[in-house]
Amino acid sequence: MNAVPSQLIQQAEQLSADVTRPIPGSHKIHVEGSRPDIRVPMREIVLAKTPTMFGGEENAPLAVYDTSGAYTDANAQIDLARGLAPLRAEWIAERGDTGVLSELSSEFGRKREHDPKLDAVRFRNRPMPRRALSGANVTQMHYARRGIVTPEMEFIAVRENQRIEAIREAHLLRQHAGESFGANIQKLITPEFVRDEVARGRAIIPNNINHPESEPMIIGRNFLTKVNANIGNSAVSSGIAEEVEKLVWSIRWGADTVMDLSTGKHIHETREWIIRNSPVPIGTVPIYQALEKVDGRAEELNWEIFRDTLIEQAEQGVDYFTIHAGVLLRYVPLTAGRVTGIVSRGGSILAKWCLAHHKENFLYTHFEEICEIMKAYDVAFSLGDGLRPGSIADANDAAQFGELETLGELTKIAWKHDVQTMIEGPGHVPMQLIKENMDKQLRECGEAPFYTLGPLTTDIAPGYDHITSAIGAAMIGWFGTAMLCYVTPKEHLGLPNKHDVREGLMAYKIAAHAADLAKGHPGAQARDNAMSKARFEFRWEDQFNIGLDPERAREYHDETLPKDAHKVAHFCSMCGPHFCSMKITQDVRDYAKEHGVDEEAALSEGMAEKSAEFRAQGAQVYRKA
Ligand code: IRN
Ligand code: FE2
């Protein structure tokens, strides 16, 4: 084991104030479940009153889903070298089906390659690493299938609903606005519904028993659409400190899970720091570390090295593994005629191995043994799309769909072991071919959750691939994809920095939320309604704070109207004071009240007046979006 320089550790002990600054206009709240240790985090946005003749009408605070963990909680004491509080430790221990690793014999018959005692830092909050007792299966799917509702499932039900008041508020607004949208808004998510979805494999709860610091979340198409952010160092950049910062930065902007794709130095230590300080599930691609262990020579990989890597990472607490077990020897020649060949890192490593040995992919031939490891820690599968298209020209071809069929076959094997499974998807796909991907995935993989990378809907915009791909992500999310893997503006160009991570996440939060609205997820509409109402009532502060990025919204408003007085003004610089459509509508309503006419009549009268005013000024009016 190579030692980690102490200055790397010291840097990692502090976070810059930049990543932990408070999120404006809101504070963290916790909603209690049926027992006091189920405390579901949400962010409550405090709203101003609606101005009325008698001083104002209250607007109920808005509770929104929050992924940022303790980092935005004013009361939390964060010490990175101690690690986050292990909030699930009790739930895991009380099930009585796991034991402390150091007291168990090694069931997987290997000598421990990584001795935790050698770790440079021991995280004081971390409970002793555990594993399932011999013969036990500790997956949430296993509990679900036996009818057990776990505290994790209840936590998720509360979290997905975003508080009962928000739902009621949405219902009221719906009555107000007519029945045209949000038909499902009254449907509440219950713990029993969560259990049922997990039992039938339509949703997964990625939470390794060795990551008790995580706040339970669910990935499935009948729940809020989730977003994943990729971080991780490479041989040419980043240390441990930067990776912990990227984690905290990602969850601040709404990442529901984070994947550590490190391939550089100190992979084990970097991952340890990330997991111990992460309130969201962490995913990895274990073949990357296995490849490091054979100095980058793919043909020297073998099952034993891979298995030991899986166990090492499972003991650390990785919540889901990307496993490229569908890259079969016979599919590799199908990529020969492609414009961009194989673009998946993991896929290309395994294709190289298969060709070098002229043997079947060892992840495929050892799949049941992998399942045995997964169920001893409750690590979920993210079955990798090693043959995804890397260009518009290659979309939906024989190699891609052949692999998808194999992933369907593997899903059934994983389910036989009650191992939670999701399926990775493309890539680059033009809009007219996206639906076919979703339909085929649901059919082949028995409705296991789909987790897609975009897809990018065109190849011609390097520098803007967060946009080319968010278009595809919104579509496929609407069709039923459960989690969207973000793409940053640096895609195809370089390793993303903090700015890129924020831009990528915003694009994907928009795509995910647009999909939730279209699907009528309970609670999604409430935030839009609150925003629309604030906008109509010129509550500028509220408009900034309800948004996905309050800081950006305020900054843009400040550019032209920086004064405090402007934050209550009944116009903005887009149309100016005389041409604001919302202001005009309000004038029309006042006019109607004053003159005792109905709104429609007032509207035509009012508009005629405004049109005269407009012609008199000869100004140019920009249409508002
Ligand atoms: C998601 C869907 N398809 C691929 N992904 C992600 O792409 C995967 O989860 C991982 O984070 C990243 C790189 O995977 P490859 O290139 O090794 O397949
Ligand atoms: Fe690409």
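Angles under 35 degrees count as roughly parallel, and that cut-off is what the first view turns on. The model shown in these close-ups is predicted.

**View 1. Helices H9 and H11 run roughly parallel to each other.**
Here we're looking at H9, residues 267-276, beside H11, residues 303-316. Their axes come within 10 Å and cross at roughly 30 degrees, which is under 35 degrees, so the two helices count as roughly parallel. The crossing of H9 past H11 is right-handed. On the H9 side, the residues to look for are His268, Arg271, Glu272, Ile275 and Arg276, and they meet Glu312, Gln313 and Gln316 in H11. Sort that contact by class and you get 4 charged residues, 3 polar ones and 1 nonpolar one.

**View 2. Helix H9 is mostly covered.**
Stay with H9 and check its burial: 10 of its 10 residues are buried. Among them are the charged residues Glu269, Arg271, Glu272 and Arg276, along with Trp273, Ile274 and Ile275. His268, which takes part in the contact with H11, is on the buried list too.

**View 3. Glu152 sits in helix H5 and is buried.**
H5 covers residues 151-161, and Glu152 is part of it. This side chain may be acidic, but Glu152 has 0% relative accessibility and therefore counts as buried. Who are its neighbours? Leaving aside residues up to four places away in sequence, Glu152 touches Arg88, Trp91, Arg95, Gln140, Asn207 and Pro216.

**View 4. Phe193 and Phe223 make one of the 10 aromatic pairs in the structure.**
A pair of aromatic rings is described by the distance of the centres and the angle of the planes. For Phe193 and Phe223 those values are 5.6 Å centre to centre and 45 degrees between the planes, and the pair is tilted. The two rings link distant parts of the chain, 30 residues apart. Phe193 belongs to helix H7 (residues 191-199), while Phe223 is in the loop between strand E7 (219-220) and strand E8 (226-231). Is each ring buried or partly exposed? Phe193 has 27% relative accessibility, so it counts as partly exposed; Phe223 has 1%, so it counts as buried.

**View 5. Trp478 and Phe479 form a stacked pair.**
These rings have their centres 5.9 Å apart, with 25 degrees between the planes. Phe479 counts as partly exposed because its relative accessibility is 24%. Elsewhere in the model, Trp303, Phe306, Trp353 and Phe362 come together as one aromatic cluster.

**View 6. Helices H18 and H19 cross roughly perpendicular to each other.**
H18 spans residues 498-519 and H19 spans residues 524-536. Their axes come within 8 Å, crossing at roughly 105 degrees, and that makes H18 roughly perpendicular to H19. H18 brings His513, Asp516 and Leu517 to the contact, and H19 brings Ala524, Gln525 and Asp528. By class, the contact has 2 nonpolar, 2 polar and 2 charged residues.

**View 7. Helix H16 has several buried residues, covered by helices and strands.**
In H16, residues 434-444, the buried residues are Ile434, Asn437, Met438, Lys440, Gln441 and Leu442. What covers them? The cover includes helix H15 (398-416) and helix H17 (465-479), plus strand E13 (421-425) and strand E14 (450-453). After H16 comes Gly446, with a positive phi near 55 degrees.

Conventions
Residues are numbered from 1 along each chain as its sequence is written. Chains are lettered from A and ligands numbered from 1 in the order in which they are written. This is a predicted model: local features need pLDDT of at least 70, side-chain atom pairs count only at pLDDT 80 or more; totals for chains, interfaces and linings use all residues. Side-chain values use heavy atoms; hydrogens and water are left out. Axes are lines fitted to C-alpha atoms, for helices over the stretch in contact, and angles run from 0 to 180 degrees between N-to-C directions. Helices (H or I, at least four residues) and strands (E, at least two) are DSSP runs, numbered from the N terminus. Angles under 35 degrees count as roughly parallel, over 145 as roughly antiparallel, 65 to 115 as roughly perpendicular and the rest as oblique. A crossing is left-handed if the near helix is turned anticlockwise from the far one by less than a right angle, and right-handed if clockwise. Contact means heavy atoms within 4.5 Å. Buried means under 20% relative accessible area, exposed over 50%, partly exposed in between (1.4 Å probe, protein chains only). Rings of Phe, Tyr and Trp (its six-membered ring) pair if their centres lie within 6.5 Å; planes under 30 degrees apart count as stacked, over 60 as edge-to-face and the rest as tilted.
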